[in-house]
Amino acid sequence: MRKRDFTSIVEEIVEKDSRYLKESYYFVREGLEHTLKTIGKQKHQKIEQLSGKQILEGLKDYALKEFGPMSKLVLNEWGVKSCKDFGQMIKNMDLYGLLGKTEMADMKDFQKGYSFTTAFVKPFLPSRSTVAKKGKGRKDSQSSSKRKKKVDDSGKTHNHSKE
């Protein structure tokens, strides 16, 4: 019997579970490799030794590296809307033997994961202090120019600034 490749197995998974596009499975595979490289440098770990928390952090790091501020949008387009979806995809991959012999993390680890908005949107939002400074400066300059000149009903300009 011929060994099937990743692509044909993913196509079979997607045929049976159409919640996630095949691109998402490629992303998870690459994200797991990224996680192993990152964590493995420290502990020489294998996929079956990763906790759900480690997997989620690795996938988050990989998404931000690959897609930056578009991470949440890309993942959502693929059907991945929460950490629970990552867990389900890993479970699907494990059931089809794509992860080798594993005792993957419990699905509860994936349900307790992070908010996609916090993980993928918040890092790219301007800080409050930057927004406050910009907004305050603009408001002050507008109000001071309004104080300096006023036009009366006859069309004459009067300067009302305090000198």
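Me: Which residues does D17 contact, leaving aside its neighbours within four places in sequence?
Reply: D17 is in contact with Q88 and N92. Contact means that heavy atoms lie within 4.5 Å. This is a predicted model, in which local features need pLDDT of at least 70, side-chain atom pairs count only at pLDDT 80 or more, and totals for chains, interfaces and linings use all residues. Residues are numbered from 1 along each chain as its sequence is written, and side-chain values use heavy atoms, with hydrogens and water left out.

Me: What makes the approach of the D17 side chain to the side chain of N92 a polar contact?
Reply: The distance is 3.0 Å. A polar contact is a pair of N or O atoms within 3.5 Å; within protein, one must be able to donate a hydrogen and the other to accept it, and residues adjacent in sequence count only if both atoms are side-chain atoms. The value of 3.0 Å is within that limit, so the pair of D17 and N92 counts. The side chain of D17 also makes a polar contact with the side chain of R19, at 2.8 Å.

Me: Why is D17 called buried?
Reply: Its relative accessibility is 13%. Buried means under 20% relative accessible area, exposed over 50%, and partly exposed in between, with a 1.4 Å probe and protein chains only. Since 13% is under 20%, D17 is buried. D17 is placed in the loop between α1 (6-16) and α2 (22-43).

Me: What makes S18 exposed or buried?
Reply: S18 has 62% relative accessibility, which is over 50%, so S18 is exposed. S18 is also in the loop between α1 and α2. The C-alpha atoms of S18 and G79 are separated by 8.9 Å, although these residues are 61 residues apart along the chain.

Me: How many helices and strands does the protein have, and what counts as one?
Reply: There are 8 helices and 2 strands. Helices (H or I, at least four residues) and strands (E, at least two) are DSSP runs, numbered from the N terminus. From that end, the order is α-α-α-α-α-α-α-α-β-β. Of the 163 residues, 33% count as buried.

Me: Why is the pair of F6 and Y26 called edge-to-face?
Reply: The structure holds 11 aromatic pairs. In the pair of F6 and Y26, the centres are 5.1 Å apart and the planes make an angle of 70°. Rings of Phe, Tyr and Trp (its six-membered ring) pair if their centres lie within 6.5 Å; planes under 30 degrees apart count as stacked, over 60 as edge-to-face and the rest as tilted. The distance of 5.1 Å is within 6.5 Å and the angle of 70° is over 60, so the pair is edge-to-face. F6 lies in helix α1 and Y26 in helix α2, so the pair ties together parts that are 20 residues apart in sequence. F6 is buried at 12% relative accessible area, while Y26 is partly exposed at 22%.

Me: What makes the pair of F27 and Y62 tilted?
Reply: The centres of F27 and Y62 are 5.4 Å apart, with 35° between the planes. An angle of 35° is neither under 30 nor over 60, so this pair is tilted. F27 in helix α2 and Y62 in helix α3 (residues 52-67) are 35 residues apart, and both are buried. Ring pairs link these two with F67, W78, F86, Y114, F116 and F120 into a cluster.

Me: How do you know that the charged end of R29 sits over the ring of F6?
Reply: A charge sits over a ring if NZ of Lys or CZ of Arg is within 6 Å of the ring centre and within 35 degrees of the ring normal. The charged end of R29 is 3.9 Å from the ring centre of F6, so the distance condition is met. The charged end of K60 sits over the ring of Y114 in turn, 5.3 Å from its centre.

Me: What is the span of helix α5 set against?
Reply: Helix α5 (residues 83-95) has 13 residues and reaches 18 Å from its first C-alpha to its last. The expected span is 1.5 Å times one less than the number of residues, and the span of α5 is close to the 18 Å expected. Its buried residues include F86, Q88 and N92. After α5 comes G97, with a positive phi near 75°.
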